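Subject: The structure I promised you

Hi,

Here is the structure we talked about. Could you open it next to this email and follow along?

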Amino acid sequence: PHVHCAEPIVRRVAVARADSIADGEMRQVRIESSPDSAVGEGAILLARIDGQFYATGASCSHYSAPLVDGVLSRDCMHVVCPWHDAAFDIRTGQPVRGC
């Protein structure tokens with residue numbers, strides 16, 4: 001038997017001007033729902049590293065801590081949870097330590 005996964009819902013949303021986010025900066029951005037989308041409102045963590053932008057979930061998957069209050073490790077592309085030291089890959093959002 002084959003398992004078919006639904007395609008992820010993709011929605012492009014303008015969240016900030018590129019020149020308003022400094023290199024090495026993280027910012028939590030609120031995303032509002034739209035009437036034509038199945039995606040509800042929420043927040044993302046936007047980070048700029050070496051001129052590239054990355055977006056992932058704004059909260060730690062364990063305690064829901066605001067990752068924007070964490071520490072961005074530019075050399076290993078991780079954001080560290082401010083509450084319990086778990087680390088998440090800023091490119092994918094996947095946990096890399098803890099959780």
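Below is what I found, going from the whole chain down to single residues.

First, some housekeeping. This is a predicted model, so local features need pLDDT of at least 70 and side-chain atom pairs count only at pLDDT 80 or more, while totals for chains, interfaces and linings use all residues. Residues are numbered from 1 along each chain as its sequence is written, and side-chain values use heavy atoms, with hydrogens and water left out.

**The whole chain**

The protein chain has zero helices and seven strands, which gives the pattern β-β-β-β-β-β-β along the sequence. Both words refer to DSSP runs numbered from the N terminus: H or I over at least four residues for a helix, E over at least two for a strand. Of the 99 residues, 27% count as buried. Buried means under 20% relative accessible area, exposed means over 50%, and partly exposed is in between, with a 1.4 Å probe and protein chains only.

The accessible surface of the protein chain is about 6,700 Å², and carbon and sulfur atoms hold 50% of that. Such areas come from the Shrake-Rupley method with a 1.4 Å probe, and for residues only the protein chains shown count as cover. As for contacts (heavy atoms within 4.5 Å), take those in the protein chain with a separation of 6 or more: 30% of them are between residues 24 or more positions apart.

**Two sheets**

A bit of background first: strands of a sheet pair through backbone hydrogen bonds, either parallel or antiparallel. Here, two strands pair if DSSP finds at least two bridges between them.

Start with the open sheet of three strands, in the order S1-S2-S3 with antiparallel pairing. Its edge strands, each pairing on one side only, are S1 and S3 (52-57). From one strand to the next, the twist averages 30°; axes for such angles are lines fitted to C-alpha atoms (for helices, over the stretch in contact), and the angles run from 0 to 180 degrees between N-to-C directions. S2 and S3 are joined by six bridges, and if you want a pair to look for, Leu46 has Ala55 in S3 as its bridge partner.

The other open sheet has four strands in the order S4-S5-S6-S7, again with antiparallel pairing. Strand S4 (71-73) and strand S7 (95-97) are its edges, each pairing on one side only. The twist here averages 30° from one strand to the next. Three bridges join S4 to S5 (residues 78-80), and Val71 sits opposite Val80 in S5.

Between S1 (26-31) and S2 (42-49) there is a loop, and Glu32 lies in it. Is Glu32 buried or exposed? Glu32 is exposed, because its relative accessibility is 59%. Its C-alpha is 9.3 Å from that of Val13, with their positions 19 residues apart in sequence.

**Salt bridges**

Side chains of opposite charge can pair when their charged atoms come close. A salt bridge is a side-chain nitrogen of Lys or Arg within 4 Å of a carboxyl oxygen of Asp or Glu, and the whole structure has four of them. Three to look at:

- Asp19 with Arg17, whose closest N and O atoms are 2.8 Å apart; both residues are exposed.
- Arg27 with Glu25, at 3.2 Å between the closest N and O atoms. Arg27 is partly exposed at 26%, and Glu25 is partly exposed at 25%.
- Asp89 with Arg91, at 2.9 Å from N to O. Asp89 counts as buried because its relative accessibility is 10%, whereas Arg91 is partly exposed at 45%.

Asp89 deserves another look. This residue lies in strand S6 (residues 87-89), and beyond its neighbours within four places in sequence, Asp89 is in contact with Met77, His78, Gln94 and Val96.

**Cysteines**

How many disulfides does the structure hold? Zero. A disulfide would be a pair of cysteine sulfur atoms within 2.5 Å. Why is Cys81 not in one? The closest cysteine sulfur, in Cys60, is 3.9 Å from the sulfur of Cys81, so the two are too far apart for a bond. Cys81 is buried, with a relative accessible area of 4%, while Cys76 is partly exposed at 32%.

Have fun clicking through it!
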